[in-house]
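Reader: I should be grateful for a close look at one part of this model. Please begin with the packing around a single core residue and proceed from there to the sheet beside it.

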Amino acid sequence: MRIHHFDCGPARPLGGALMDGVSPGAIGRLTCHCLAIETDRHGVVLVDTGLGLRDMAHPWSRLPLLNAASLRFRFDANHTMLRRLRHAGLSPRDVRHIVMTHLDFDHAGGLIDFPEARVHVMEPEAEAAQARRGLLDQARYRPAQWGDTRRWHRYPERTAGRWFGFDAVTELEGLPPEFLLVPLPGHSAGHAGVAIEGPRGWMLHAGDTYFNRAEVHAARPHCPPGAAAYERIMAWDARLGRANQARVRALVQEEPTPLAVFCTHDPVEYVAMAVWQGNAANDRGADRQVA
Ligand SMILES: [Zn+2]
C-alpha cells in the first residue's frame, strides 16, 4: 500500500492567520486534503475528490457563489485529483473505489471525473444530498458534481464494529478491513471520518470534523476566528459536531497518540502528512506548475 496526499482545491481566503492560524499577511491558505491509496488487489482507492475538472473550468456556474467567492479557490485543472494522479504516474482508470467523508461541493467535485468508480458514503449523507432541504443544503450539495455516479454504496449508521473506542464503524463493501468509515455527523448529516491502516499504522482522515489543527491538537483547543465562523455557518448540527470533535480530540490527546489524525482544510496538517508519508516530492511537481 502506498498513500499519496493531494490538495485538490487550494484556496487563498482573505484573513490570513484569522483563517489558518499561521499566514503572516492578508491572505490565508486552506487545502482540500484528499488521499489516493495504491493497493495490491483493489486498484487505487480515493478518499474524497476535491474540485473536479469541470468545477475548475466553470466554477461560477457549478459552485455555491458565496462559498467560492469567500474561500477564493485557485481554479486550475492541475489541482484536480485526475491531474494529480497523472502527475504521480498513476492511471485514473485504476481508480475503483472512492470513500467520501461527505458530499459537500469542495469534496465531491471530482466524482464526475471517475464515473466508473464505486462510491462509498454514509446513508444519511446521500439522503440529505438528494433531498437538498433548506438553503444550506442547496448551497453545499451540487447534484451536477455527482449525478453521473452510478455505483453508490450507502451505509446506515449502526453498530458494526469497534475501532479505537468508536463504535458503529463500518467496513466497506469490496474493500479490505484496512479501510473503515467512522461516522462523525454534525458538520453534515452523514459526515464520517475515513480510517486507513497503512504502512505507518492507522490514520484517520477526519474530513470537516474540525477545520484547524488547534481545535484538536493544541493543549488548549481553539480555532482561528475566521475558520470558526465558516465552520459555524456550514454546520448541519453544531452541537453534535462539537461532540464528535471532542471524541476525535480525546483520541488525539491519548499518550502516546495511537494514530495520525488530520482534517481536510488545515494547510499545516496537509504538509506535515505529505512529508510524514514521504511523498512530498509528488506534490511539489503539481504546485510548481501553478506557482
Ligand atoms: Zn469542506
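Author: This is a predicted model. Leaving aside residues up to four places away in sequence, Leu46 touches Cys34, Leu35, Ala36, Met81, Val95 and Ile98. Leu46 belongs to the largest nonpolar core, a group of 74 residues. Among those that touch the most other members of this core are Leu46 itself and two of its contacts, Cys34 and Ile98; Val99, Leu181, Val182 and Ala206 are also on that list. As a general matter, nonpolar side chains tend to be buried together in soluble globular proteins.

Three of the contacts of Leu46, namely Cys34, Leu35 and Ala36, lead directly to the sheet, for strand 2 spans residues 33-38. Strand 2 runs antiparallel to strand 1, and 6 bridges join the two. One of these pairings sets Arg2 opposite its bridge partner Glu38 in strand 2.

Both strands are part of an open sheet of 6 strands with mixed pairing, ordered 1-2-3-4-5-6. Strand 1 (2-7) and strand 6 (152-155) each have a single partner strand, so one side of each is left without a neighbour in the sheet. Direction ignored, neighbouring strands here are turned by 20° against each other on average.

Two helices lie across strands of this sheet. Helix 12 (residues 267-277) crosses strand 1 and strand 2, running at about 155° to strand 1. Helix 7 (residues 123-131) lies across strand 5 (118-122) and strand 6, and its direction makes an angle of about 95° with strand 5.

Key. Residues numbered from 1 in each chain as written. Predicted model: local features only at pLDDT ≥ 70, side-chain atom pairs only at ≥ 80, totals over all residues. Core = buried A, V, L, I, M, F, W, Y, C linked by C-beta atoms within 7 Å. Buried ≥ 20, exposed ≤ 12 C-beta atoms within 10 Å, placed from the backbone. Contact = placed C-beta atoms within 7 Å. Pairing = 2+ DSSP bridges. Helix = DSSP H or I, 4+ residues; strand = E, 2+ residues; numbered from the N terminus. Axes fitted to C-alpha atoms, helices over the stretch in contact; angles between N-to-C directions.
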